[in-house]
Amino acid sequence: MVVTPWEVRGEIDYTRLIKEFGVEPLTEELLQRMKKMVGELHFMLRRKIFFSHRDFDKVLEDREKGEKIYLYTGRGPSGHTHIGHIVPWIFTRYLQKVFNATLYFQITDDEKFLVKRNLSVKQALYYTYENSLDLIALGFKPENTRIISDIKAIHLLYELAISVAKRVTFSTAKAVFGFEDESNIGIIFFPAIQAAPAFLGSKIEGRNLRCLIPCAIDQDPYWRVTRDVAPKLGYYKPAGIFSKFIPGLGVKGKMSASEPETCIFTVDKPEEAEKKIMNAFTGGQPTIEEQRRLGGKPEVCPIYLYYYFIFEEDDEKVFERERQCKNGELLCGECKRELAEKVSKFLVEHQKKREKAKDLVDKYMLTDLELG
Ligand code: TYM
């Protein structure tokens, strides 16, 4: 199992990750506390898709006292957005609503330029724009969603970034990120840039506010460094809430843009996405007869997991599907067809909203004026 911000591979053992990364499991007690405050829990919490955290209890404590918090998440624009990337964004939209919080959304076009051998600055910036359309299409509003493109707007972060960088030694960075003598010096500095937005809300507000970072667990190494430095800068340690990975449509592994045939992009033509789904690996048996007799394995089936992670919010329906699969009542072809229909419908709607977003991107960009 390898889980770093730049590579996720192998069979992922989330219990082991909790221990190795030193994060906390999201307990039933915390969930009940959240429920008491906000009413309904998001299905990604009920299903423990978001399964671990750092200081989420402190976020709840602040909100219980009526204190403001802010959210921070982001995207590394090395290509088009896929369904995996929007898992944390959908959840962030919910957090934004229930916590009435501003979201800072960092687009690390610099990071992707630095780590991807064949990506030019121009291409990275093209995807910054394209990925912003996806965020906007998901319904985030400019009043409380501020996007920062590192390449275009680094001056908004630079003071914070160098303040972080001064307090992180190369030896720490090496230990956390595995840098080597061959690593370029840009990427060695970069963790300070990804740390910066975690303090931005406090800087803008002129007082300490808690920052909550919703993302998949692969980004946690950044937060370890950021949290170490926070008290030295006089800020709260940023809190985090971390999700599992939605798998690709192949045999194993997280959805990854490097295997486009196993990956559903938000810009895929609906027919194209349907085809990928119909060709996907499943947890089913090799023959209909065996499927009827032995039932399938939804826990290893990407098709089932797509319903579970995103496309079926209704718990009763998703667990009924699981039951029918295990019983052999449901065949893979039918299950795939229904998912293909749902995904295709989502893509048609999302792509319409993306078109509308094209006139709006500028409204979301954080500006100097807001920094005071
Ligand atoms: P990036 O572009 O690799 O990923 C964007 C977000 O998607 C999550 N993610 C996934 N979630 C579920 N299933 C998957 N298969 C999957 N693949 C990726 C990532 O955890 C991330 O939340 N360096 C970052 C950009 C960034 C950022 C941040 C992300 C800057 N600041 C703050 C989160 C929070 C990156 O390259 O993300």
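This report describes the surroundings of the ligand and the second largest pocket in a predicted model.

**The ligand site**

The ligand is surrounded by 24 residues, and Arg75, Gly76, Glu111, Gln194 and Asp218 are the closest of them. Three polar pairings between ligand and protein are set out below.

| Residue | Protein atom | Ligand atom | Distance |
|---|---|---|---|
| Arg75 | side-chain N or O | oxygen | 2.7 Å |
| Gly76 | polar backbone atom | oxygen | 2.8 Å |
| Ile246 | backbone N or O | nitrogen | 2.9 Å |

Taken alone, the ligand exposes 680 Å², and the protein buries 98% of that area. Two or more residues of the shell come from each of strand E5 (69–75), helix H5 (83–99), helix H6 (109–115) and strand E8 (210–216). Strand E5 makes the greatest contribution to this shell, with 4 residues. By character, the shell around the ligand consists of 9 nonpolar, 9 polar and 6 charged residues.

**The second largest pocket**

The volume of the second largest pocket is about 570 Å³. Its lining comprises 24 residues, with Ile12, Pro247, Glu299, Val300 and Leu305 lying nearest the centre of the pocket. Helix H16 (residues 302–311) gives the most to this lining, namely 4 residues. The lining divides into 13 nonpolar, 4 polar and 7 charged residues.

Where does the second largest pocket lie with respect to domain 1 (2–249) and domain 2 (260–356)? Both domains give residues to its lining, and the pocket therefore lies between them.

Methods: Residues are numbered from 1 along each chain as its sequence is written. This is a predicted model: local features need pLDDT of at least 70, side-chain atom pairs count only at pLDDT 80 or more; totals for chains, interfaces and linings use all residues. Side-chain values use heavy atoms; hydrogens and water are left out. A residue is near a molecule or strand if one of its heavy atoms lies within 4 Å of it. A polar contact is a pair of N or O atoms within 3.5 Å; within protein, one must be able to donate a hydrogen and the other to accept it, and residues adjacent in sequence count only if both atoms are side-chain atoms. Accessible areas come from the Shrake-Rupley method with a 1.4 Å probe; for residues, only the protein chains shown count as cover. Ala, Val, Leu, Ile, Met, Phe, Trp, Tyr, Cys and Pro count as nonpolar, Asp, Glu, Lys and Arg as charged, and the others, Gly among them, as polar. On a 1 Å grid over the protein atoms alone, a cavity is a set of points where a 1.4 Å probe fits but cannot get out, and a pocket is an open set with protein on both sides within 12 Å along at least five of seven lines; lining residues have an atom within 4 Å of a point. Grid points are joined across faces, edges and corners, and a volume is the space filled by probe spheres set on the points. Domain bounds come from an automatic or database domain assignment.
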